[in-house]
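Colleague: Could you take me on a close look at one part of this protein? I would like a single strand and its surroundings, told as one connected story.

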Amino acid sequence: MLFRFVFVVPAMILLAAASLPQTGPIPQQKPDSEQAQPSAEPPIPAEKPIAPAEKLVTPVEKPATPEDEPTTGEMQGPPRPPLTIASESDEEHKTCLSELSAMGATFKEIPRIDDGNGCGIDKPITLSSALPGIEFKPEGKMRCEAALALAHWVKESVIPSAAALDNGKIVTINQASTYVCRLRNNASTGKISEHARGNAIDVASFTFENSKTIGIEPRREDPTLTGAFQRATSASACLYFTTVLDPESDAAHETHFHLDVLERNGGFRYCH
């Protein structure tokens, strides 16, 4: 027992003699809570510097050209050359006259017409009958080509169509206009009319041997033989003329057929 006491006491004295640190170890400070929590918004990367080749360049506006400039009133640019009368081949004209005579039409050649501003006919004729026994009233000035187209249309289409009517033979084609120096539809501005070139004929009505006259008027819904006759003659006219305007085309043609032989590219025809 004495031995245990002697051994323990020195050990306790040595422990008491050892110096303890004044304070315990200071724990490393935790990171701030706001920094530790991820941000609600995604991080925005730093903007990449723009390389010289990638820098935006303000485009230089192209200078306006005459086509880009708005125009008012008359067209810009040099004035158009004055309209002239188209010349006709002597050989073709003689061939046309020969064919027209063979069909029995009555006509006479007249001097060249030149009314200025492109109005006129190089080799005009005056037509007084389209076929034997069928007068053309009043007689009209035109190119031979227009008269020949009229004669073929009347002989090959109008007369056969009229046979279904109980009016007898056609004795007169009543015209509203042939050659006249004017613009289209008698307008004050615009393109020159084919009437001013001798290419056009306006047919207003047909008179029969029983003295009945069938006038050209809107007949699209006309269920009678007269309506059928007008529609048939209008449709067939495009076989002989390059332009056909009937009363259904517009208000300017409600009282006649406009028929002309204007030459278009590719043989195009306009029929309404």
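Modeller: Happy to; what follows starts with the whole chain, settles on strand β7, and then moves out to the core around it.

Please keep in mind that this is a predicted model. The protein has 272 residues, and 34% of them are buried. Its secondary structure comes to five helices and eleven strands. Among contacts between residues at least 6 apart in sequence, 60% join residues at least 24 apart. The accessible surface comes to about 18800 Å², with 57% of that belonging to carbon and sulfur atoms.

Now to the strand itself. β7 is mostly covered, since eight of its nine residues are buried. Which strands pair with β7? One is β6, which runs antiparallel to β7 over six bridges. In that pairing, I173 stands opposite F206. Another is β10, joined to β7 by four bridges, again in the antiparallel sense. There, V203 of β7 has F257 as its bridge partner. Then there is β8 (residues 213-215), antiparallel to β7 and joined to it by three bridges. S205 faces G215 in this pairing. β7 and β8 also form a hairpin with four residues between them, and S211 in the turn has a positive phi of about 75°.

A good residue to pause on is F206, which lies in β7. Why does F206 count as buried? Its relative accessible area is 0%, so F206 falls on the buried side of the cut-off, which is set at under 20%. Beyond its neighbours up to four places away in sequence, F206 touches W153, V158, I170, T172, I173, N174, K212, T213, I214, I216 and F229. I173, its opposite number across the β6 pairing, is thus also on the contact list of F206. As for A162, it is 44 residues from F206 in sequence, while their C-alpha atoms are 9.8 Å apart in space.

From here the picture widens to the core. The largest nonpolar core has 41 residues, and L150, W153, F206 and F241 touch the most other members. Elements that give two or more residues to this core include β6 (170-177), β7 (200-208) and β10 (257-260), along with α4 and α5 (225-237). The largest share, eleven residues, comes from α4. A second, separate core of six residues includes I113, I121, I192 and A196.

W153 deserves a look of its own. Leaving out residues up to four places away in sequence, W153 touches V158, V203, F206, T233, S236, A237, Y240, F241, F257 and L259. Among these are V203 and F257, the bridge partners that we met between β7 and β10.

One last stop is S157, placed in helix α4 (residues 144-162). Is S157 buried or exposed? S157 counts as buried, because its relative accessibility is 8%. Apart from neighbours within four places in sequence, S157 is in contact with H152, A232, S236 and Y240. S236 and Y240 are also touched by W153.

Notes: Residues numbered from 1 in each chain as written. Predicted model: local features only at pLDDT ≥ 70, side-chain atom pairs only at ≥ 80, totals over all residues. Heavy atoms only, no water. Buried < 20%, exposed > 50% of the residue type's maximum accessible area, 1.4 Å probe, protein only. Contact = heavy atoms within 4.5 Å. Core = buried A, V, L, I, M, F, W, Y, C linked by side-chain atoms within 4.5 Å. Pairing = 2+ DSSP bridges. Areas by Shrake-Rupley, 256 points an atom, 1.4 Å probe, with all protein chains shown as cover.
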